[in-house]
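Hi everyone, thanks for making time for this. Let's look at one structure together, starting with how a pair of helices packs and then moving on to the empty space inside.

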Amino acid sequence: MRTIFTLIFLTVSWYCFGQAIAPTGTPAPTNFDYNRDYKMILEKTKDRNSELYYHKLLEKFLSEDSVITRAETLALMIGYTEDAHFKPWQDFQKEKEIFDMNDSADYEGALIESKTYLASHPLSLRILKERSYSYNQLKNRDSAKYFMDLVDKVMGAMIYSGKGKTAETPIFSLGLADGEYFIPNVGMTIAAKNTGWNKYNHFVEIIDAMDDMGKHTNYYFVIQHAKDKVDDDEINDTQIKKPKKSKKSKSTKKDKKEAPEKPEPEVVPEKN
């Protein structure tokens with residue numbers, strides 16, 4: 001059933017992907033360069049007077065009556081990388097839980113969990129699709145279409161963000177594994193995956209994708225912003241405050257001899 005659902009979804013995404021990264025055609029022009037533009041766009045998403053202000057764009061993204069461009073959706077995704085709820089490693093685990101609920105046919109449960117999750121993670125490529133899938137399985141076609149339209153917007157922004165054929169022209173991936181969800185969405189199979197660095201010292205995920213004809217192509221997805229967030233969270237989680245030394249009361253030599261002071265136990269960080 002998931003295969004049929006994905007095939008229906010592929011119509012728009014594969015067309016867009018083919019137009020942007022055609023194997024034999026001319027790539028569609030893109031004005032975005034991660035190395036040059038990421039920080040500049042991020043600052044604009046914080047500016048209330050900017051057309052790229054995060055909350056303005058989010059309203060357009062979620063509205064069925066507004067048109068949001070691929071460039072604007074990309075700016076929205078970039079703005080989200082500084083949201084307090086953006087915790088790539090934790091997000092990866094939670095998204096898998098929701099996927100597994102759908103996979104075990106717990107569609108009602110998946111809807112409950114995905115609604116809560118999307119309230120704080122509105123741009124999750126995986127969960128937008130999972131929510132659409134849940135509604136589709138429960139025969140709520142209008143809601144299924146609404147969330148699949150949001151998936152198309154995210155996919156369109158990713159396609160716009162880079163050609164993906166080299167490490168220096170990567171596709172923007174909001175989460176750690178969004179590249180792994182992107183590839184099946186455009187009708188290809190993941191043959192292998194790896195990570196590396198480009199010449200700008202940006203961390204990228206490298207996916208060996210295979211098409212229906214068995215042809216292999218490497219696609220690069222930049223996840224530097226996600227790695228930075230994971231690194232920051234790990235540092236914050238592992239910082240241990242040194243215990244304050246208690247003030248020792250004055251005692252006589254006789255007291256010390258009769259009741260020797262016990263050494264303070266060594267503080268050992270808990271293992272996760």
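Before the numbers, one definition: axes here are lines fitted to C-alpha atoms, for helices over the stretch in contact, and the angle between N-to-C directions can run from 0 to 180 degrees. Please keep in mind that this is a predicted model.

So, how do helix 5 and helix 6 pack? Helix 5 covers residues 88-103 and helix 6 covers residues 107-120; their axes lie 7 Å apart, at an angle of about 155°. That makes helix 5 roughly antiparallel to helix 6, because angles over 145 degrees count that way. The crossing of helix 5 past helix 6 is left-handed.

Which residues meet there? From helix 5 we have Asp91, Lys94, Glu95, Ile98, Met101 and Asn102, and they meet Tyr107, Gly109, Ala110, Glu113, Ser114 and Tyr117 of helix 6. By character, the residues of this contact are five nonpolar, three polar and four charged.

Now to the empty space. How many cavities of 30 Å³ or more does the structure hold? There are two, and the largest has a volume of about 160 Å³. Its lining counts 16 residues, and the closest to its centre are Asp91, Glu95, Tyr117, Gly175 and Asp178. Helix 5 and helix 9 (178-185) are the elements that give two or more residues to this lining, and helix 5 gives the most, with four. The lining of the largest cavity divides into ten nonpolar, three polar and three charged residues.

One link to take home: Asp91, Glu95 and Tyr117 belong both to the contact of helix 5 with helix 6 and to the residues closest to the centre of the largest cavity.

Conventions. Residues are numbered from 1 along each chain as its sequence is written. This is a predicted model: local features need pLDDT of at least 70, side-chain atom pairs count only at pLDDT 80 or more; totals for chains, interfaces and linings use all residues. Side-chain values use heavy atoms; hydrogens and water are left out. Angles under 35 degrees count as roughly parallel, over 145 as roughly antiparallel, 65 to 115 as roughly perpendicular and the rest as oblique. A crossing is left-handed if the near helix is turned anticlockwise from the far one by less than a right angle, and right-handed if clockwise. Contact means heavy atoms within 4.5 Å. Ala, Val, Leu, Ile, Met, Phe, Trp, Tyr, Cys and Pro count as nonpolar, Asp, Glu, Lys and Arg as charged, and the others, Gly among them, as polar. On a 1 Å grid over the protein atoms alone, a cavity is a set of points where a 1.4 Å probe fits but cannot get out, and a pocket is an open set with protein on both sides within 12 Å along at least five of seven lines; lining residues have an atom within 4 Å of a point. Grid points are joined across faces, edges and corners, and a volume is the space filled by probe spheres set on the points.
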